[in-house]
Amino acid sequence: MSKTLIVGEIQQGVLREATLELVAAARELGGDVVSLLIGNGIGELGEELAKQGGGKVLVADNPGFESYTADAHAQAMRKAVEAESPDLILISNTPNGWDVAPKVAAALDAGIVTDVFKIEQDGDEPVFTRRLFNGKFNGRFRISGTPRIATVQPGARAPYEGSDAGSVEALDVTAASRTKVVGVKTAEAGGHDLTKAEIIVSGGRGLAKPENFKEVLQPLVEALGAQMGASRPVVDAGWLPHNYQVGSSGQIVQPKLYIAVGISGAIQHLVGMKNSNYIIAINKDPDAPIFEVADLGVVGDLFEVIPALAKAVNEAKGN
Amino acid sequence: MKKILVCLKQVPHKDARLDVRSDGSWIQDDNIKFEINDYDTYALEEALRLKDQGEAEVVVATVGPERAAQALRTALGMGADRAIHIWDDALAETDGLGIAKALAAAAKDENFDIIFTGLMSDDANCAVTGPMLAELLGIPHITAVVKTEFKNGDVEVERELEGGALEVASLPQPCLLAVQTGINEVRYASLKGIMQAKKKPLDKKDLGELGLDAAAVAPKLTVEKIFVPPKGAGAEIIEGPADEVASKLVGKIKELGLF
């Protein structure tokens with residue numbers, strides 16, 4: 001019988017929903033489920049995870065775990081692996097998860113697959129599906145040897161909603177770290193808060209040069225009374241400031257209408273806008289991943305479509 | 001003098017047309033253009049800025065077939081001092097851990113003060129090589145770095161969290177920093193730089209020279225098949241002359257009650 005170890009994650013004092021998504025994935029695979037929770041003063045959260053399907057929950061509770069560091073968390077994970085000898089280790093692909101998981105894999109000389117969105121069981125062997133080439137392709141992967149380590153994309157599946165008796169056990173572990181956390185700076189929208197916009201028109205690398213945001217995109221933004229957003233490559237290139245960025249590392253938005261112009265749709269952008277009420281995507285590449293999340297897709301030249309759309313909107317509004 | 005290593009990967013050019021091989025094993029990469037992985041160009045720039053500030057030697061290393069030498073030459077043209085090109089047929093099917101082992105073997109006696117990598121590659125998107133290399137070398141690492149400040153033997157960095165939040169952390173040297181895109185503005189290789197690069201050392205190393213063998217880099221992660229993702233169920237695709245498309249879109253936006 002196989003055993004899966006879930007590495008839970010606490011964010012601002014609560015269990016992340018992503019942890020319960022791991023519970024759902026582990027339970028679907030079958031076999032034993034054990035969990036690890038790492039933090040400071042987290043006894044109650046351990047109980048909570050045990051009742052929410054985490055099985056036996058090992059709680060690594062230590063003041064040294066107050067802030068996440070790869071060094072300290074890797075120690076806890078290795079200790080849990082030593083104690084439980086799992087066949088599969090599931091970690092959420094969050095900034096902390098992707099930071100620590102490869103370190104643990106290297107330490108254990110174990111195979112790792114990252115950012116998977118589907119895990120299926122083929123006989124007694126899990127098969128993992130993930131995106132490649134920034135979402136252009138998907139790939140199915142297998143890992144030889146155990147433990148297998150997988151980081152799982154948050155939001156890829158529903159969280160476990162059942163309940164269970166579970167149990168809690170303290171995991172005695174030191175929490176030494178060479179890296180010291182100095183503090184956290186929270187995001188400042190800096191006068192360009194997209195989270196309350198009704199309509200967002202976002203531009204990507206397809207706009208080809210910074211002037212086109214003003215010359216091509218801005219007339220549509222004004223015609224619709226929308227706000228302008230951007231994809232990461234545009235911000236990285238310095239074409240627009242960071243507070244225009246929509247995505248996992250920018251703003252997470254849910255407008256009534258999101259228009260993605262010349263954005264191919266890397267996963268980190270999709271995470272930031274896929275819950276918009278209605279999505280229109282305009283892209284010349286019919287295989288662009290943005291069309292996966294769009295309600296309406298236009299395959300065409302944005303330099304023709306956008307001016308025509310701005311004109312049509314103005315006419316319809318009688319401007 | 002500080003010794004800095006930048007690990008980089010040559011990946012398909014971002015404008016290359018990519019197709020899956022008929023057997024689904026990977027993409028067809030015989031006749032496409034390649035370039036340095038975007039994330040890694042930022043890693044290189046970060047190292048070159050340290051060199052600009054004072055005494056530092058910048059070494060670039062890659063694991064890749066013959067064609068990957070071009071990526072190293074570009075990096076030398078941008079200002080790196082020397083290059084290490086690791087290749088062996090036994091590395092063709094390896095995974096991130098195998099790559100990290102090869103890089104660790106090449107780096108272990110060099111005593112680098114700082115190692116830069118990109119956060120991930122634009123082809124496999126695994127984001128594992130940097131942290132693995134750090135673990136194998138016994139040094140601390142941090143990923144998704146968007147700012148660095150070097151002071152008194154420590155490095156203070158900002159690490160990207162979610163929703164625009166940033167963590168400020170401090171690491172002792174030696175350490176490995178896996179950088180995020182946008183951390184700096186990447187320079188281009190100058191013509192003079194490209195000319196000078198031809199005289200800079202480029203060492204080729206195979207597994208034997210690194211004290212490794214095929215078994216040591218045998219992959220634990222294997223790809224079974226890659227494929228074009230199924231299209232989103234809800235996406236209605238429209239094509240046609242711009243005016244017609246525009247009037248359909250206006251109809252839809254009206255339906256949504258947005259004007």
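Helices, of at least four residues, and strands, of at least two, are DSSP runs numbered from the N terminus. The structure described here is a predicted model.

**Chain B as a whole**

Chain B holds six helices and 13 strands. Measured out along the principal axes, its C-alpha atoms fill a box of roughly 65 × 45 × 40 Å. The chain has 259 residues, and 54% of them count as buried. Of the contacts in chain B between residues at least 6 apart in sequence, 69% join residues at least 24 apart.

The area that chain B exposes is about 11400 Å², and carbon and sulfur atoms supply 48% of that area. Charged side chains in chain B number 30 positive and 43 negative, with the centres of the two sets 3 Å apart.

**Two helices of chain B**

Helix α4 of chain B covers residues 129-137. Its buried residues are B:Gly130, B:Pro131, B:Met132, B:Leu133, B:Ala134 and B:Glu135. Just after this helix comes B:Gly138, which takes a positive phi of about 75°.

Helix α5 of chain B covers residues 191-197 and includes B:Leu191. Is B:Leu191 buried or exposed? Exposed means over 50% relative accessible area. B:Leu191 counts as exposed because its relative accessibility is 68%. Together with B:Ile194 and B:Met195, B:Leu191 forms a nonpolar patch on the surface, and the accessible area of the three adds up to about 320 Å².

**Salt bridges**

Over all chains, a search of the whole structure finds 44 salt bridges. Three of them are listed below.

| Acidic residue | Basic residue | N to O distance |
|---|---|---|
| A:Asp109 | B:Lys220 | 3.7 Å |
| B:Glu224 | A:Arg140 | 3.0 Å |
| B:Glu45 | B:Arg187 | 2.9 Å |

Take A:Asp109 and B:Lys220, which form a salt bridge with their closest N and O atoms 3.7 Å apart. This pair crosses between chains: A:Asp109 is in the loop between α4 (95-108) and β7 (112-122) of chain A, while B:Lys220 is in the loop between β11 (202-205) and β12 (221-227) of chain B. A:Asp109 has a relative accessible area of 36%, so this residue is partly exposed.

Next, B:Glu224 forms a salt bridge with A:Arg140 at 3.0 Å between the closest N and O atoms. Why does this pair join two chains? B:Glu224 lies in strand β12 of chain B and A:Arg140 in strand β9 (residues 137-143) of chain A, so the pair joins two chains. B:Glu224 counts as partly exposed because its relative accessibility is 33%. A:Arg140 is also partly exposed, with a relative accessible area of 21%. Both residues belong to a network of salt bridges that links A:Glu120, A:Asp122, A:Glu125, A:Arg140, A:Arg142 and B:Glu224.

The remaining pair in the table is B:Glu45 and B:Arg187, whose side chains meet in a salt bridge of 2.9 Å, N to O. B:Glu45 lies in helix α1 (residues 38-53) of chain B, and B:Arg187 in the loop between β10 (175-179) and α5 of chain B, so the pair ties together parts that are 142 residues apart in sequence. Buried means under 20% relative accessible area. B:Glu45 therefore counts as buried, at 2% relative accessibility. Its partner B:Arg187 is partly exposed, with a relative accessible area of 25%.

Terms used
Residues are numbered from 1 along each chain as its sequence is written. Chains are lettered from A and ligands numbered from 1 in the order in which they are written. This is a predicted model: local features need pLDDT of at least 70, side-chain atom pairs count only at pLDDT 80 or more; totals for chains, interfaces and linings use all residues. Side-chain values use heavy atoms; hydrogens and water are left out. Patches are made of residues with over 30% relative accessible area and no salt bridge: like charges are joined within 9 Å, nonpolar side chains (Val, Leu, Ile, Met, Phe, Trp, Tyr) within 5 Å. Accessible areas come from the Shrake-Rupley method with a 1.4 Å probe; for residues, only the protein chains shown count as cover. A salt bridge is a side-chain nitrogen of Lys or Arg within 4 Å of a carboxyl oxygen of Asp or Glu. Buried means under 20% relative accessible area, exposed over 50%, partly exposed in between (1.4 Å probe, protein chains only). Contact means heavy atoms within 4.5 Å. Lys and Arg count as positive and Asp and Glu as negative; His and the chain ends are not counted. The place of a charge is taken as NZ of Lys, CZ of Arg, CG of Asp or CD of Glu.
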